[in-house]
Amino acid sequence: MRFEVRGASFGYKGGKNILNNISFDLNKGEILSILGSNGVGKTTLVKCTLGFLPWRKGATYIDEIEWSKWKNQDIWKKIGYVPQAKRSAFSYTTEEMVLLGRNAHLGLLSQPSKEDMYLAESCLEKVGMSRLKGKLCNEISGGELQMVLIARALATNPELLILDEPESNLDFKNQLIVINTIKDICDNEGISSIINTHYPEHAIAISDKALVLNRDGSNHFGTAKEVITEKNLRKAFDVDVRIRSFEIDGKMHTCVLPIGILNNDMNLEVLDGQLFEDAVAVDNAC
């Protein structure tokens, strides 16, 4: 499956554009991370991409066919969506929650079959949550609920997973579980994924491509290595950062270290030169 957004912009009625000239593409098995500061429009971008909000200009395409040409039911057989996790107000069991992912495959009055039940259990197993069978979603932890929501999206048998800040509000361990699970699913099953994230390190660790949104409406899209740079992160987050890679037990890891808050009036090109010696010092210290 090929997924694209071409020349797209969005603004609320009567207001200026929040998103300007957004273009990106994603092929089978690739992971795209969307990065940007709070309030820059990452969740809005996801909603526009999924047709929840209308693009003011441009369009979303699936396999070269514009979004509006697809039937809703056919779209949701191809795409699994994982919104930001919130505590469940309903007493669904984990299996019942995962079964909701089968809605696009069921008729209006149809009941889940034995095969649907088996698939729900299989999806819980894929995300390592078989031990939660029979438990209520309003009685499990935030990290466990996040994994159940990913299982629900997988129950669609999607070709593309779209996740809105899947590791937010989780501790270190659960962040790694979520990120590693997404990476394993994409690698092993050829599913593509789009992830909104606040964590550049996570994006570097698992992404093939990246889209960085800036407050001035500009954006950068390309391979993760090309786009997730110190200069681009400084502009996006107004924070001086260092990106450093190191090897542990034969495996390379990359960390993104925030040094300090920048003065918004500083020229980034001048800043790069001014901070060169500091960057060398950080390298030597590491």
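Which residues form one aromatic cluster? I looked this up before anything else, in what is a predicted model. The cluster consists of Phe-52, Trp-67, Trp-76 and Tyr-81.

**Entry 1. Aromatic pairs**

I counted the ring pairs and obtained 5 aromatic pairs in the structure. For Phe-52 and Trp-76, I noted ring centres 5.9 Å apart and planes at 20°, so this pair is stacked. The two residues come from distant parts of the chain: Phe-52 sits in the loop between α1 and β4, and Trp-76 in helix α2 (residues 72–78), with their positions 24 residues apart. I then checked how far each ring is covered. Phe-52 has a relative accessibility of 41% and counts as partly exposed. Trp-76 counts as partly exposed as well, at 22%.

Trp-76 has a further partner, Trp-67; the centres of these rings lie 6.4 Å apart and their planes stand at 80°, so I recorded the pair as edge-to-face. Trp-67, at 12% relative accessibility, counts as buried.

**Entry 2. The chain as a whole**

I next recorded the overall composition. The protein chain holds 11 helices and 12 strands. Of its 286 residues, 48% count as buried. I computed an accessible surface of about 14,700 Å², with 51% of that belonging to carbon and sulfur atoms. Among contacts between residues at least 6 apart in sequence, 65% join residues at least 24 apart.

**Entry 3. Helix α1**

Is helix α1 largely enclosed or open? I found 6 of the 8 residues of α1 (residues 42–49) buried, so the helix is largely enclosed by the rest of the structure. The buried residues are Lys-42, Thr-44, Leu-45, Val-46, Cys-48 and Thr-49. I also noted the backbone just after α1, where Gly-51 takes a positive phi of about 80°.

**Entry 4. The sheet around β1**

In what order do the strands of the open sheet stand? I read the order as β2-β1-β4-β5, 4 strands with antiparallel pairing. Strands β2 and β5 stand at the edges with a single partner strand each, so one side of each has no neighbour in the sheet.

I went through the pairings in turn. Strand β1 is joined to β2 by 5 bridges, the two running antiparallel. In this pairing, Glu-4 stands opposite Asp-25 of β2. Another 5 bridges join β1 to β4, again antiparallel. Here Glu-4 faces Tyr-61 in β4. Strands β4 and β5 are joined by 2 bridges and run antiparallel, and Tyr-61 stands opposite Glu-66 in β5. As for cover, β1 is mostly shielded, with 7 of its 8 residues buried.

I looked again at Tyr-61 for its ring. Arg-6 lies over the face of Tyr-61, at 3.8 Å from the ring centre.

**Entry 5. Salt bridges**

Side chains of opposite charge can pair when their charged atoms come close. I counted 19 salt bridges by the distance rule.

Which side chain meets that of Asp-25 in a salt bridge at 3.9 Å, N to O? I found Arg-2 in that place. The pair links distant parts of the chain, with Arg-2 in the segment before β1 (3–10) and Asp-25 in strand β2 (residues 19–26), 23 residues apart. Arg-2 counts as partly exposed, at 25% relative accessibility.

Arg-2 also meets Glu-64 in a salt bridge, at 3.8 Å from N to O. Glu-64 lies in the loop between β4 (57–62) and β5 (65–66), whereas Arg-2 lies in the segment before β1; the two are 62 residues apart.

I then examined Lys-133 and Glu-121, whose side chains form a salt bridge at 3.8 Å, N to O. Lys-133 belongs to the loop between α4 (114–126) and α5 (142–154), Glu-121 to helix α4, and the separation is 12 residues. Lys-133 is partly exposed, with a relative accessible area of 42%. Glu-121 is likewise partly exposed, at 31%.

Finally, I traced the bridges that share partners. They join Arg-2, Glu-4, Arg-6, Asp-25, Glu-30, Glu-64 and Lys-209 into one network. Members of this network recur in the earlier entries, including Glu-4, which stands opposite Asp-25 in β2, and Arg-6, which lies over the face of Tyr-61.

Methods. Residues numbered from 1 in each chain as written. Predicted model: local features only at pLDDT ≥ 70, side-chain atom pairs only at ≥ 80, totals over all residues. Heavy atoms only, no water. Buried < 20%, exposed > 50% of the residue type's maximum accessible area, 1.4 Å probe, protein only. Contact = heavy atoms within 4.5 Å. Areas by Shrake-Rupley, 256 points an atom, 1.4 Å probe, with all protein chains shown as cover. Salt bridge = Lys/Arg side-chain N within 4 Å of Asp/Glu carboxyl O. Pairing = 2+ DSSP bridges. Phe/Tyr/Trp six-rings, centres within 6.5 Å; stacked < 30°, edge-to-face > 60°. Lys NZ or Arg CZ within 6 Å of the ring centre and 35° of its normal.
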